[in-house]
Structures are given as C-alpha cells and as structure tokens.
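Open the model in your viewer and keep the sequence panel at hand. Each stop below says what to select and what is there.

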Amino acid sequence: MDYELSDAHKLIRDTARRVAREKVAPRAAEMDESGEYPEDVFAAYRDVGLLGLSIPEEYGGSGAGFLALALAVEEIAKYCNSSALILLLSALSTQPINLGGSEEQKRQWLPRSAAGEIRGAFCLTEPNAGSDVAAIESRARRDGDDYVIDGEKVYISGGSVADYVIFFAKIGDNGTRAVSAFVVPTDSPGYSVPRTDRKMGVIGVPTANIVLQECRVSAANRLGEDGRAFRTAMLTLNTCRPVVGARGLGLAEGAIAYALDYARERKTFGKPLVDHQAIQMMLADAAIQIEAARRLVYHAASLVDAGKYERQDAPYLSIAKTFATEMSIRVSSDAIQILGAQGYMKDHPLERHYRDARQLTIVEGTSQIQRLVIARAMIQGEINYW
Ligand SMILES: Cc1cc2nc3c(=O)[nH]c(=O)nc-3n(C[C@H](O)[C@H](O)[C@H](O)COP(=O)(O)OP(=O)(O)OC[C@H]3O[C@@H](n4cnc5c(N)ncnc54)[C@H](O)[C@@H]3O)c2cc1C
C-alpha cells in the first residue's frame, strides 16, 4: 500500500530500505549485546542524507517531512529499533529549535545537525516528573549575559553520546508558564552524565542520567521567550508521535515477516507450520493490525506535514502512536509463538524485537497519557461520532 506516496517519499523509503538491509541488519544483534552506540549506523544515515528529513531546506535539511521520516524509520525498525531510534532522535532533538528557536538559533544548530556533524538529545523527564511534565524541578536563573542551570534529567535517549541537549528548566514559579528551554552544549562546565541505564531493550542507544550543576550557558542559548517552552515541548512531542508509531509498525512487520519465513520451513505433524490453521490465524491477525497501523501512522505523519499538530489535532497523533506501539507488542509476541522455543532464543531476532517493543508504549507519553488526550477530545466533543 503506497498511501499517496510521492516519488520523493518512495525514494527516501527505498534509500532507507537499502541502508536497513546493508548497514543495519548485520549490526542489530551485536549492538543489542554490546550496548555500544553504533557510530557506523549514524554515519550511514549521514552519508545518504537521512538525518535532516525533518529539517527545512533553508536550514540545511531536505525538508522531506514527517511522512518521509516515518517511512524511513519503518524500514529501519524492521531490523533494529535502536537504529530506528537514532533516526527519530534526529527530529526529537531538532524540533524544539525548529519550532521554538530564533532565526539565528536555527542557523547555528540545524544545518550541522542535518549534516550529522553534531547530534542532540531531548531532556525533559526528571526523577519526579515523567508523565506530569509541568512538575519539572530543574531551575534556571539569569546572571548577566548567561543563565545558570541546575537540574537532573533521567532516561535521556542518546544523552551520553550527544554534542548538545535541549534542556527544559523553570524560570520562576508560574507553573507551565515558567518552563523554558535551553540548548546546552555537552562540554559546558557543570554538565555531567553520572550514569547510563541498564535496561530491557533498545540497548544500542544509551539512556542517560544527566545532571546540570551551576551549569552556565549564554542567554543566546535560551529557545524563544522566557516561560514559553512548555508549548514547544508539547508540540515537539506531538510532531514526533507518528514517528514513534512508525518504530512499532516496522518492528511488527519485521517480526512477522521473519516468523512467516520460519513457518514455511518448519514442519510439525508432517506438514509446514504455515499449513496449520492456528498459525494462519496469527499471521492474518498480524497483517490486519499492521495494515490498520500503517494507515494511522501515515495519516498522522501527513497531518504533521500539513502543520496540523496543535491541540485539536493531537488526538489523531495519539491514536496512531498508541495503536501502532501496542500492536507491535502483540505482533512480536505472536511471532515468538510461531517459532515456539526457537522464538525464545537469542539465535533469532524475535526476543529482541519483543523487548524493544516494550519501550514504545512508555516513551514520549505513555499509552495511558495518550488515552487521556483522546478521551478528553471525545468528552469535549472534538471527536464526535454522531
Ligand atoms: C528507554 C527510555 C528512553 C527514554 N527517553 C527519553 C528521552 O530521550 N527524553 C526524555 O525526556 N524522556 C525519556 N524517557 C522518559 C519517558 O518519556 C517517561 O518514562 C514517560 O514519559 C513516563 O514517565 P515516568 O516513567 O516517570 O512514568 P510516571 O509518570 O511515573 O507514570 C507511571 C505510570 O502511571 C501512569 N500514569 C501517570 N499519570 C497518569 C494519569 N494521570 N492517568 C493515568 N495513568 C497515569 C503512566 O502511564 C505509567 O503507566 C525515556 C524512557 C525510557 C524507558
């Protein structure tokens, strides 16, 4: 199903498919074992221009947009979700600048990000503020031409391999109106990464604890006006939701395709697994869910490309993210089931896909938070089925 893909979209999808097969697939199991960030995969994306898909042309990107990014992420995620996350982070770390930065800030940070010369991370979550973003406790105070920032962030994807982070901190006490954002170079005095996490999946991209202690950055690094960054954070997350959905979509496709190949070969009771109806039902259920998810994800990404990612459009972005990510858990679980004991073994990629899928319903707004957004729109009549 091509879902009205332009020739440019197809080209990007095919480029990502080639990179996925040639560069990502051979490395996926190894990075899951070692936990080492795959610089070679990042370089492969850079070499074919995949790091600037969400960045406008005037700032050095290709301006291809979020449907293009979702297509690329889907292809990569068929083989490796850590590598898919690297591509997603190219948008998550630059969107706050793209959406909330000044012309000068865009020129300073976006072209080098698109070219893969530098990379960023998105620092929102804190020990006492995950779903409840407004509860963040990091503080920034003005001191002459600088800001001095203190705070701790947790679970930051790629935080230990970033050249800069988008760091959200409060100036004053005015609730969400106090939230500001700063571009903080990771070599700033007072910036530290005390630890990276031991975790269940998506092991190729480190998840880091980041502490800023009396960290001094130039006032020129504050994104937008004082206290306006809550909106920037929310819009950034909205625009990236279809891309998280694409991580789930590709993961499910890769998992069930692998299981189908196996089921053609493996025989029980004198015939291949694919000839048993119970296996066929699992295959068909996977296809039904994948096709539904693909339409939701592509549609949501197209909404973002059309500039529809404000509050009134958010429920549709949440629906795509929730369905595609939850679907990836179900389908990767069934894929394991189709292989039987072999599915449980590390000789096959399915247990890795299953562990990786488990991350997707938690990050960038849990499934519960997405449902709050969707239900609120229903209750307020913005989604009306009459
Ligand atoms: C591998 C990984 C990578 C991550 N990368 C990043 C990153 O790069 N940058 C970043 O800023 N953060 C990152 N995160 C953090 C992630 O965004 C948060 O974990 C997520 O927002 C949930 O916050 P929490 O873990 O504090 O859960 P909590 O907010 O403590 O929630 C716990 C549980 O309660 C539920 N819950 C909470 N409030 C409600 C409510 N009002 N109604 C119903 N249920 C509710 C949640 O859905 C969840 O099930 C990452 C997390 C992981 C696991």
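Select Lys346. Lys346 sits in the loop between helix H11 (341-344) and helix H12. Helices here are DSSP runs of H or I with at least four residues, strands are DSSP runs of E with at least two, and both are numbered from the N terminus. Is Lys346 buried or exposed? Lys346 counts as exposed because it has 11 C-beta neighbours inside 10 Å. The scale is this: buried is 20 or more other C-beta atoms within 10 Å of the residue's own, exposed is 12 or fewer, partly exposed is in between, with C-beta atoms placed from the backbone. Now add Ala29 and draw a distance between the C-alpha atoms. Lys346 and Ala29 are 317 residues apart along the chain, yet these atoms are separated by 8.6 Å.

Two notes before moving on. Numbering runs from 1 along each chain as its sequence is written. The model is predicted: local features need pLDDT of at least 70, side-chain atom pairs count only at pLDDT 80 or more, and totals for chains, interfaces and linings use all residues.

**Into H12**

Go to Leu350. This residue is in helix H12, which spans residues 350-360. Leu350 counts as buried because it has 27 C-beta neighbours inside 10 Å. Which residues does Leu350 contact, leaving aside its neighbours within four places in sequence? Select Ala255, Tyr258, Ala259, Ser332, Ala335, Ile336, Leu339 and Gly343. A contact means two C-beta atoms, placed from the backbone, within 7 Å. Keep Ile336 on screen. Its C-alpha atom is 5.9 Å from that of Leu350, at 14 residues along the chain.

**Zoom out**

Show the whole protein chain. Its secondary structure comes to 13 helices and ten strands. The C-alpha atoms fill a box of roughly 80 × 55 × 40 Å along the principal axes. The radius of gyration is 21 Å, which agrees with the value near 21 Å for a compact globule of 386 residues. That radius is taken over C-alpha atoms, and the globule rule is 2.2 Å times the number of residues to the power 0.38. Of the 386 residues, 52% count as buried. Among contacts with a separation of 6 or more, 75% are between residues 24 or more positions apart.

**Colour by domain**

Use three colours: domain 1 (7-114), domain 2 (120-226) and domain 3 (230-379). These bounds come from an automatic or database domain assignment. Hide domain 2 for a moment. The centres of domain 1 and domain 3, taken over C-alpha atoms, are separated by 20 Å. Their contact takes 25 residues from domain 1 and 24 residues from domain 3. On the domain 1 side, the elements giving two or more residues are helix H2 (28-34), helix H4 (66-77), helix H5 (81-92) and helix H6 (95-100). H4 gives the most, with nine residues. By class, this side of domain 1 divides into 17 nonpolar, four polar and four charged residues. Nonpolar covers Ala, Val, Leu, Ile, Met, Phe, Trp, Tyr, Cys and Pro; charged covers Asp, Glu, Lys and Arg; the others, Gly among them, are polar.

**Helix H3**

Select residues 39-48. In H3, Val41, Phe42, Ala44 and Tyr45 are buried. They lie on the same side of H3 because they cover an arc of only 155° around the axis. The arc is that of the directions from the helix axis to the C-beta atoms. The buried residues pack against helix H1 (7-24) and H5. Rotate to the face turned away from them: the exposed residues Glu39, Asp40, Ala43 and Asp47 are there. Next comes Gly49, which follows H3 and has a positive phi, near 80°.

**Two positive phi values**

Most residues other than glycine have a negative phi. Select Val202, in the loop between strand S6 (191-196) and strand S7 (207-218). Val202 has a positive phi of about 45°. Val202 counts as buried, with 26 C-beta neighbours inside 10 Å. Then step to Glu214, in strand S7. Its phi is also positive, near 50°. Glu214 counts as exposed, with 10 C-beta neighbours inside 10 Å.

**Last stop: the ligand**

Show the ligand and its 22 surrounding residues; Leu124, Gly130, Ser131, Thr366 and Gln368 come nearest. A residue belongs here if its C-beta atom, placed from the backbone, lies within 6 Å. The elements giving two or more residues to this shell are strand S1 (120-123), strand S3 (146-157) and helix H13 (367-379). The shell draws at least three residues from each of domain 2 and domain 3. By class it has eleven nonpolar, nine polar and two charged residues.
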